[in-house]
Amino acid sequence: MLSGAMQYYRKQPPLLPPPKTSLSALRRNKYRVLSIGLLVGLVSGFLYRWKVGHDIHCLNVGFLEGPLMLAQESQEEWLNKDPLDILGIPDEEIGNLGNSSFLVFTGVMTADVFLNTRAVGVYETWGKHLRGRIAFFSGENSTQPEKYPYMPVVRLRGVDDVYPPQLKAYEMLRYMWEKYGRYFEWFLRADDDVYMRVEKLEEFLQKLDSSIPYYIGQPGRGNPDKKDLLGLGEFDNFCMGGPGVIFSRAMLALIYPHIDRCIKDLNTTEEDVELGLCVRRYLNYQCTWAYEISRTFVHQLNVTDYVGNYTLKRKNMYELTSLHPLKNTPQQYVLDNFYEGELIQKLSLENLKLHRDLYEMSELMSVPLEVDEAIGDTSVLGKPLGLRKFVPRNEDEVLKWDYFTEKAVSSDLYTNPMQKMMSAFKEGLEDVKIGSDVIFDAMHKAGFSVLEGFYNYMRLDPLHGLDIVLNLKIEYPDMKGKGISNYYYQRSFTGLEIRETLNGIDIDEIEDDENSSWFIASKKQQLGDIGEKFVHFILPLAGRLMTFERFIGIFEELCLKKNENVTLTTVLYKTDDFDAYNQTLTILMELQDKYPYTNISAVTRTDSFARGIAIEAGAELIEDDEQGLLLFIDVDMVFDEDTLYRVRSNTLRGSLVYFPIVYNEFDPAVVYNATTSPDHFVVNQDSGYWIQFGFGIASAYKSDLRMVGGFDTTIHGWGGEDVDVFNKFIAYGENITVFRAVDPGLVHVFHPRFCDETLPKDQFKMCQGTKADSSIGLRQLAEIFYLDRNMFSSFARKVNKLDKPEPEIESEEESKKETVSEKKTNDGIEKNNEEKTDDKKE
């Protein structure tokens, strides 16, 4: 059969056109014919227009580019489009077989309804990593994706998108061989709901000979109840279409002549079954039975158990080549991000190994190492594995070990030494377990049995990385007994990668682009561009006159006196203190008169205070354009001169919103024994804490705020609206990145909090928690406790009594019944004890 296959294979057209008829010449002839036809058409059209010009109303559309140009192409022109043009292959890139850029051609079978979703997901993820070309096969009436007007879409003539797609599957194979058969070694038929790990696929294919007929995929036998209807014999199988089917060039050459007969012989609605029957019937070949293939090309993988959480890091996820099905397009991006991250880690490890080789050679040759900024500091990165990389200079620099189990971590860094295992630790331990499996599998093969792990320790070396010691109980094969073995695991740090951007564009790309040299002349000019952005302060306010005066003083000093491009919109709620209300309006009017070129406005409201409603009311006054950068701020905040720069730098229209992590002061009466802090910008463990779960201070463009739905105006009272809008930006996802970082220039000044008991339960609980966190630090609380333990003990007993429910008053009859019941029970116990004693005596 192999010789017959090769004999037929030799009858196919040559791999390259004859020397005298190059592909360029063929294209030139085609274009020459098209040019003549176009000229004739233009002349005819001109004469027709001259004849009846007064009846024709022409629309001057000018030059058309991108999607508009594609829209002008007729259906027939698209169907007759040059196959190589569809793939975007210029003449100079077409080489002989064996060229790595033409290893595999991938045909993705899709439909018009999925071209803008699943197909684009494939094109943007694993499709861009292929060492070859990819095309998407759809019905002849399909339209080009809006997002990618030049995405390679093949509209199959005479084929629709009606399910089942048997005709589409066969016509796709016919097109692949006729148009691309001479240029590629391997051909992959894939669905639009599969994720393919390209590097593993290419590694697998490079081990095989494409001149041998191969029909590769996950073997299927079909539903046992329908086996007779499928026409499969006892030992027959087919390659399941979901995970992908691979054809060698020789196999596709064998299938091609039988496609018409296979289309006529359709017996089922399953296109992958029909293809398997066709290969079996006419070629006497079957899908591969290899065990490894069935484990790597996975069909019916329960992806929902993996995508969206850290459980992606499982051992079998690293073994898979294809994952199917992915019905939701975002799953493609999640998986691609996961595998790209793993690839980065792999390359980083290779980088570390090279550093270690350089370090070892420098030691052997007694040649000093030179620090190269391009590759990093080899004297640090190249140190060999070991627990003595870091040498402390004094007692304070000694690195401490933390104890951990699968559920908890114990460390002296925590006020409560034992903490629940956080998700970040769990994810890190999954990496350790996966890395350990290699050694454990080798130990099992040698006869060792790993029974359990206990007494695990880890420490963080800030210069070199993470050290982990696992103590394992192991049963040895050649001796009767068990022992303890230590397993050392290190995750070394790699060099820092710094990315500098301007308005979302990499600085290096701008500098390298000769056409954009005018755009960036110097760093000074770049900073100046950022400084030109307008920042619109939106300040919700109800009362708080003295605090407002402090805020206005800072705003005037840092923004108005320095002619910053800012505006201030204060949304003022009326309160019972009419004097404070009127004074607030007076301050704003006087400020506007003093700085007439800065827009300072007030929006007054008479309803109950609601921060979300206030911000929406203030945002309505701002134009929705490139200068619509909004900064949501509270009157309790103080900020420094760098705050505006960070807001402008970290907020990009349509791509980036900024939710800074602000610093919150403790009660100055506890910290300083004073009514206010002497310096609001002192940051340490005694003066305050970072509000990790606070999202009230934020900056975003108005267009982006509207895009995610804005603030929830149904939330009244304290808190909740900031968490809601933060979650909206996170959930929106597409093209919007939420940037969070500690901002030492944004400080929330302490003030007594009042939590209204009429608030909804969740809001009241949040308010109480913030009130407790803001009052005092744990270290100060511990010191107070040690100074007066009796006071805290009596307070704890009092609280304990209050928490216990009061005993119910029982009636005399119920009391008597319980007494009789207790007496009977006690008699029974005594009787049982006597019987047991007699048994023992006997």
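Mentor: Let us start with a definition: two strands count as paired if DSSP finds at least two bridges between them. Keep in mind, too, that this model is predicted.

Trainee: Thanks! How many bridges join strand β26 to strand β30, and in which sense do they run?
Mentor: Pairing takes at least two bridges. Strand β26 covers residues 661–665 and strand β30 covers residues 742–748. They are joined by 3 bridges, and their sense is parallel.

Trainee: Which residue in β30 stands opposite Tyr 663?
Mentor: Strands of a sheet pair through backbone hydrogen bonds. Across from Tyr 663, in β30, stands Val 747.

Trainee: Which strands stand at the edges of the open sheet of 4 strands?
Mentor: This sheet has mixed pairing and the order β24-β30-β26-β27. From one strand to the next, its twist averages 35°. Two strands have a single partner each, so one side of each lacks a neighbour in the sheet: they are β24 (637–639) and β27 (688–690).

Trainee: There is also an open sheet of 6 strands; which strands stand at its edges?
Mentor: Read the order, β3-β2-β1-β4-β9-β6, where the pairing is again mixed. A strand with a single partner has one side without a neighbour in the sheet, so the edges are β3 (153–156) and β6 (215–216).

Trainee: In β9, which residue is the bridge partner of Ile 216?
Mentor: β6 pairs with strand β9 (residues 245–248) in the antiparallel sense, over 2 bridges. The partner of Ile 216 in β9 is Ile 246.

Trainee: Which strands does α7 touch as it packs on the sheet?
Mentor: In direction, α7 makes about 150° with β1. The strands in contact with α7 are β1 (104–109), β2 (132–139), β3, β4 (186–191) and β9.

Trainee: Is α7 roughly parallel or oblique to α12?
Mentor: The axes of helix α7 (residues 166–180) and helix α12 (residues 271–283) come within 9 Å and cross at roughly 50°. An angle under 35 degrees would count as roughly parallel. The term that applies to α7 and α12 is therefore oblique.

Trainee: How many charged residues does the contact of α7 with α12 have?
Mentor: From α7 come Gln 166, Ala 169, Tyr 170 and Leu 173, which meet Glu 271, Glu 274, Leu 275 and Cys 278 of α12. By class there are 5 nonpolar residues and 1 polar residue, and the number of charged residues is 2.

Trainee: Are α20 and α21 roughly parallel or oblique?
Mentor: Helix α20 (residues 545–560) and helix α21 (residues 578–594) have axes that come within 11 Å and cross at roughly 10°. Angles under 35 degrees earn one term, so α20 and α21 are roughly parallel.

Trainee: Where is Pro 164 found?
Mentor: Most peptide bonds are trans. The one from Tyr 163 to Pro 164 is cis, with omega near 5°. Pro 164 is found in the loop between β3 and α7.

Trainee: What is the phi of Asn 284?
Mentor: Most residues other than glycine have a negative phi. Asn 284 is found in the loop between α12 and α13 (291–296). Its phi is positive, near 60°.

Trainee: Finally, what pLDDT does the protein average?
Mentor: Over residues 1–34, pLDDT stays under 50. Residues 806–812 also stay under 50. Of the residues, 72% score at least 70, and the protein's average is 77.

Notes
Residues are numbered from 1 along each chain as its sequence is written. This is a predicted model: local features need pLDDT of at least 70, side-chain atom pairs count only at pLDDT 80 or more; totals for chains, interfaces and linings use all residues. Side-chain values use heavy atoms; hydrogens and water are left out. Axes are lines fitted to C-alpha atoms, for helices over the stretch in contact, and angles run from 0 to 180 degrees between N-to-C directions. Angles under 35 degrees count as roughly parallel, over 145 as roughly antiparallel, 65 to 115 as roughly perpendicular and the rest as oblique. Contact means heavy atoms within 4.5 Å. Ala, Val, Leu, Ile, Met, Phe, Trp, Tyr, Cys and Pro count as nonpolar, Asp, Glu, Lys and Arg as charged, and the others, Gly among them, as polar. pLDDT is the predictor's confidence in each residue, from 0 to 100.
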